[in-house]
Amino acid sequence: MIEKVTIKEAVAISKEFNKLSIQVSLNGLSFCIVDTIGNTVLNADRIVFEKERTPYGLQKGLVSLFNKHSIPQQQFSEIIVVHRNKLFSLVPQSLFDENEMANYLKFNTKILANDHIAYDKVENHDMINVYVPFVNVNNYVYELFGEFVYKHSGTVMVESLLSGQSIAKEPTCYVHVADRQMEVTVISQRKLLLYNSFDFVTKEDFIYYLLFTLEQLKLDTEFTKLKLFGAIEEGDPIYDICYEYVKNLSIFVPSVSSYPMDIKKDAIDFTVLKTL
């Protein structure tokens, strides 16, 4: 005998297969919910803070956004939190020692004695990303939903760009622009030359960090491909100043999600979409 399922029960079952992806940074945050059965985006939102917040201020923003969309009352089959900050260091897997994680970070960034340090494996590329997550955010999400997965945005960025990279003769510099932060990824022959993150305020800040990176890698601005993506388009001041120095410039349109979207893609962070 086949048991009938009521509409209410069907909706409840469907919600158990919804996936939640969240990106958090001191400059802003975003989230996206997808229905993995219906293959659709159900909800998404993004907030850019007027000025950089503390980790506590970031959590307050996340609580407010969650309450706005009644997220604590929902059920999810999978939850992923993406932490975006500059507290990270990429380490070759062959040199990685879990007992030395603080030493990998202390030369690149300022860390505190009580900071929790985590790491991600960069899949298929023999690298480890050592970083400091926002522990208070993780604790808040855990209190709401229990177990979940978290990663650093650099891990998602590097994995995504390397997996989608074709073999090219010239090095390619990808710059993701979001919330007063630029993430620079340089790839050549499907090999990662550099991944770094910088905070910027003006277009002059942006071009300084970009040209400094290219100079350190001894890359010729005449031949290096520069691909900008994220919160950027042709005609923006940042785009125009980049074109003054790098002629091989274009807007990069990545394939970000297999889910049909009624919601504008620029309302959702790149790393959020790449985890779906």
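Residues between 20% and 50% relative accessible area count as partly exposed, those under 20% as buried and those over 50% as exposed. Gln189, at 41% relative accessibility, is therefore partly exposed. The model discussed here is predicted.

The protein has 276 residues, and 46% of them count as buried. Its secondary structure consists of eight helices and 13 strands. Among the contacts with a separation of 6 or more, 60% join residues 24 or more positions apart. The exposed surface of the protein is about 14,800 Å². Carbon and sulfur atoms supply 51% of that area.

The largest pocket has a volume of about 450 Å³. Its lining comprises 22 residues. Leu26, Pro55, Asn85, Leu87 and Phe134 lie nearest the centre of the pocket. By class, the lining divides into nine nonpolar, seven polar and six charged residues.

Strand 1 spans residues 18–25 and includes Ser21. Asn18 also belongs to strand 1. Ser21 has a relative accessible area of 0% and is therefore buried. Two polar partners of the Ser21 side chain can be named. The backbone oxygen of Val272 lies at 3.3 Å from the side chain of Ser21. The side chain of Thr275 makes a polar contact with that of Ser21 at 2.5 Å. Beyond its neighbours within four places in sequence, Ser21 is in contact with Ser30, Phe31, Cys32, Ile80, Val272, Thr275 and Leu276. Asn18 is buried as well, with a relative accessible area of 5%. Outside the four-place sequence window, Asn18 contacts Ile33, Val34, Asp35, Leu42, Gln75, Phe76, Ser77 and Glu78.

Val82 lies in strand 4, residues 78–83. Its relative accessible area is 0%, so Val82 is buried. Val82 and His152 are 70 residues apart along the chain, yet their C-alpha atoms are separated by 5.5 Å. His152 is also one of the residues in contact with Val82. With neighbours within four places left aside, the other contacts of Val82 are Ile22, Gln23, Val24, Lys151, Ser153, Val156, Thr271 and Thr275. Thr275 thus appears in the contact lists of both Val82 and Ser21.

Asn138 is placed in helix 4, residues 135–145. Its relative accessibility is 8%, so Asn138 counts as buried. Not counting residues up to four places away, Asn138 touches Val81, His83, Pro133, Phe148 and Tyr150. Phe148 is 10 residues from Asn138 along the chain. The C-alpha atoms of this pair are separated by 8.8 Å.

Helix 6 covers residues 203–216 and contains Leu211. Leu211 has a relative accessible area of 24% and is therefore partly exposed. The cut-off for a buried residue is under 20%. Thr221 and Tyr245 touch Leu211, residues up to four places away in sequence not being counted. Leu211 and Val246 are 35 residues apart in sequence. In space, these two residues are 9.2 Å apart, C-alpha to C-alpha.

Helix 7 runs from residue 237 to residue 245. Ile238, Tyr239, Ile241 and Cys242 are buried in this helix. An α-helix has 3.6 residues a turn, so residues three or four places apart point the same way. The cover over the buried residues of helix 7 includes helix 6, strand 12 (225–230) and strand 13 (249–251).

Two loop residues have unusual backbone angles. Most residues other than glycine have a negative phi. Asp126 has a positive phi, near 50 degrees, and is not a glycine. Asp126 is found in the loop between strand 6 (118–122) and strand 7 (127–131). With a relative accessible area of 58%, Asp126 is exposed. Gln189 also has a positive phi, about 55 degrees, without being a glycine. The loop holding Gln189 joins strand 10 (181–188) and strand 11 (191–199). Gln189 is partly exposed at 41%, whereas Asp126 is exposed at 58%.

Methods
Residues are numbered from 1 along each chain as its sequence is written. This is a predicted model: local features need pLDDT of at least 70, side-chain atom pairs count only at pLDDT 80 or more; totals for chains, interfaces and linings use all residues. Side-chain values use heavy atoms; hydrogens and water are left out. On a 1 Å grid over the protein atoms alone, a cavity is a set of points where a 1.4 Å probe fits but cannot get out, and a pocket is an open set with protein on both sides within 12 Å along at least five of seven lines; lining residues have an atom within 4 Å of a point. Grid points are joined across faces, edges and corners, and a volume is the space filled by probe spheres set on the points. Ala, Val, Leu, Ile, Met, Phe, Trp, Tyr, Cys and Pro count as nonpolar, Asp, Glu, Lys and Arg as charged, and the others, Gly among them, as polar. Helices (H or I, at least four residues) and strands (E, at least two) are DSSP runs, numbered from the N terminus. Buried means under 20% relative accessible area, exposed over 50%, partly exposed in between (1.4 Å probe, protein chains only). Contact means heavy atoms within 4.5 Å. Accessible areas come from the Shrake-Rupley method with a 1.4 Å probe; for residues, only the protein chains shown count as cover. A polar contact is a pair of N or O atoms within 3.5 Å; within protein, one must be able to donate a hydrogen and the other to accept it, and residues adjacent in sequence count only if both atoms are side-chain atoms.
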